[in-house]
Amino acid sequence: MVRLICCALPFVLTVAGCGLLPLYSSTNVEYNASDYPTGSPPVTIASSTVDPGHRGRSDTLVILAFSGGGSRAAYLSAKVMFALEKRFYQEGKHILDEVDAISSVSGGSLPAAYFAVTKDPDDEGPWRLWNERKVLKAMQKNYIRRWFLNWFWPQNFLRYWLTDFDRTDIMAQTFADNMFDKRGFQIDYTIGELNPERPNLVLNATNATAGKVSIEHHEAKYLSKQSLEHTDIPGGRTSFGRPFRFTEEEFQQIHSDIRDYSLARAVMATAAFPAVFNYMTLRDYSREDEPEKRFVHLFDGGSSDNQGLSGVLQILQDSECKKNTSRNDGNCERTYEKVIVILVDAYTGTGGVNAEDSDGRSFVDFVLDTNFIDATDSLLFSNRDQRTSRFFEAFEAYLPASDKGIYYHITLEDVDDEETRTRAQNVGTNFSLSKVNAKALDDAVDDLMKPENRCLQAIAALLRHGHHDAKPHCKLPPRD
């Protein structure tokens, strides 16, 4: 028997990657109008079109962008959200209350999506409670260990070897069980069950599908053609490498109903780092007349944009047309007089092999050479500055006046205290965070968000008075 198992093992390992039964390759369903007897589906906040007055001031659009970076990004973004909740710009009103939309990538998608299935203490509804202690605890759990242990559940073990069920599916279920299920019921939240009182949610993945895109968008009046090219909005180009956003607008293009789709799977699609996780796959129902089924394959959103800025530009474009205006006829009116974008960027500027090391290998490299991670990071780093500068060009073009908008880019590099900055920058990007590393990020956010922060002061002034006296690209003063 042992010899039989040893002989069969290579064959099992060979077929495991493709699956014997394609039962879990996709879980999104086709849109069916008959599912909604009233004639139109209920509104979902998983949309890049923001309704004026949905939250806060109807003339001001406030967008948060959360970068990738594993648990470092997840915890840092969540901590900044709580800092904004404590930052009052007027009596009884804090900055987080004004946020209209959140665009997130990879690790930053954890707090963004978690916020969408929570409620404030005084609100009613079935959602989880937005509580600082519980949220931060959720952001620092060891999801890698939980993911590994979940492999050995009998149902997961069998599905993994015999179907298209893969490592990404297991991690998505791990996220669901710990953050994105209904407490006490073990039923996973779908995107249609997000709290409608929360900001619009735009989760960004990367399209890994070969072939041409079919999504069409109008050219926005207030964004230049050159700026639009940098938003990665397709125009007859290939699908491969462009962002895919888990929004109603993009699901309409594949004739699928986003309301029925698992929130945890959407989050996982934005965080499916290549070589560690497999693709997240969607069924494309828009080409049902073709003999072969069509699919959309997705992986980590950081590969196309690790800061979520292309999602922000998509929100600016789509939200400039009022909800009752056709997006394809070009008859757009400016909806917002003031715009605030706050990017929480977990980028550290560190990477590569220590110059004093003669051998760049770690213990893991004796089994799998991990220098592909440094290669990937180097590409992301080289694109980062170009993307942020292009984003600001587009942002400036959108603003009606320089004192009517602010783009504030929060980075760990801006932490004033050197020891605190170093500790925070040394926090890794695995989906696991120790108490020591969590404390390092706590201290970093306390340093960044202190009362004398002039960018936050300018944001408060813009919300309170309708204008500010800072530069549109607000930066903290350089350290001595």
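# Salt bridges, a disulfide and surface patches

The structure holds 16 salt bridges. The model is a predicted one, and the account below passes from its charged pairs to its disulfide and then to two patches on its surface.

One of the salt bridges is formed by Asp 442 and Lys 79, whose closest N and O atoms are 3.4 Å apart. This pair links distant parts of the chain, since Asp 442 belongs to helix α14 (residues 435-448) and Lys 79 to helix α2 (residues 70-85), 363 residues apart. Is this pair, Asp 442 and Lys 79, buried or exposed? Both Asp 442 and Lys 79 are buried.

A second example joins Glu 193 to Lys 182, with 2.6 Å between the closest N and O atoms. Glu 193 lies in the loop between β8 (187-188) and β9 (200-207), while Lys 182 lies in strand β7 (residues 181-182), so the pair ties together parts that are 11 residues apart in sequence. For the accessibility of these two residues, the limits matter: a residue is buried under 20% relative accessible area, exposed over 50%, and partly exposed in between. Glu 193 has a relative accessibility of 28% and therefore counts as partly exposed. Lys 182, with a relative accessible area of 22%, is also partly exposed.

A third salt bridge brings together the side chains of Glu 250 and Arg 245, at 3.8 Å from N to O. Glu 250 is buried because its relative accessible area is 5%. Arg 245 has a relative accessible area of 1%, so this residue is buried as well. Salt bridges can also share partners, and in this way Lys 79, Lys 86, Glu 132 and Asp 442 are joined into one network. The pair of Asp 442 and Lys 79 described above therefore belongs to that network.

The next feature is a covalent link. How many disulfides does the structure hold? The structure holds 1 disulfide, which joins Cys 455 to Cys 474 with an S to S distance of 2.2 Å. The link of Cys 455 and Cys 474 is left-handed, with -100 degrees about the S-S bond. Cys 455 lies in helix α15 (residues 454-465) and Cys 474 in strand β15 (residues 473-474), so the disulfide ties together parts that are 19 residues apart in sequence. Cys 455 and Cys 474 are both buried.

The surface may now be considered. Arg 133, Lys 134, Lys 137, Arg 183 and Lys 435 gather there in a patch of positive charge. Which helix gives the most to the positive patch? Helix α4 (residues 132-139) does, with 3 residues. Arg 133 is located in helix α4. With a relative accessible area of 57%, Arg 133 is exposed, because the limit for that class is over 50%.

Another surface patch is nonpolar and is formed by Phe 148, Leu 149 and Phe 152, which together have about 340 Å² of accessible area. Where is the place of Phe 152? Phe 152 is found in the loop between α5 (143-150) and α6 (154-162). Its relative accessible area is 54%, so Phe 152 is exposed.

Conventions
Residues numbered from 1 in each chain as written. Predicted model: local features only at pLDDT ≥ 70, side-chain atom pairs only at ≥ 80, totals over all residues. Heavy atoms only, no water. Patch = residues over 30% accessible without salt bridge, like charges linked within 9 Å, V, L, I, M, F, W, Y side chains within 5 Å. Areas by Shrake-Rupley, 256 points an atom, 1.4 Å probe, with all protein chains shown as cover. Salt bridge = Lys/Arg side-chain N within 4 Å of Asp/Glu carboxyl O. Helix = DSSP H or I, 4+ residues; strand = E, 2+ residues; numbered from the N terminus. Buried < 20%, exposed > 50% of the residue type's maximum accessible area, 1.4 Å probe, protein only. Disulfide = S-S within 2.5 Å. Lys, Arg positive; Asp, Glu negative; His and termini not counted. Charge placed at Lys NZ, Arg CZ, Asp CG, Glu CD.
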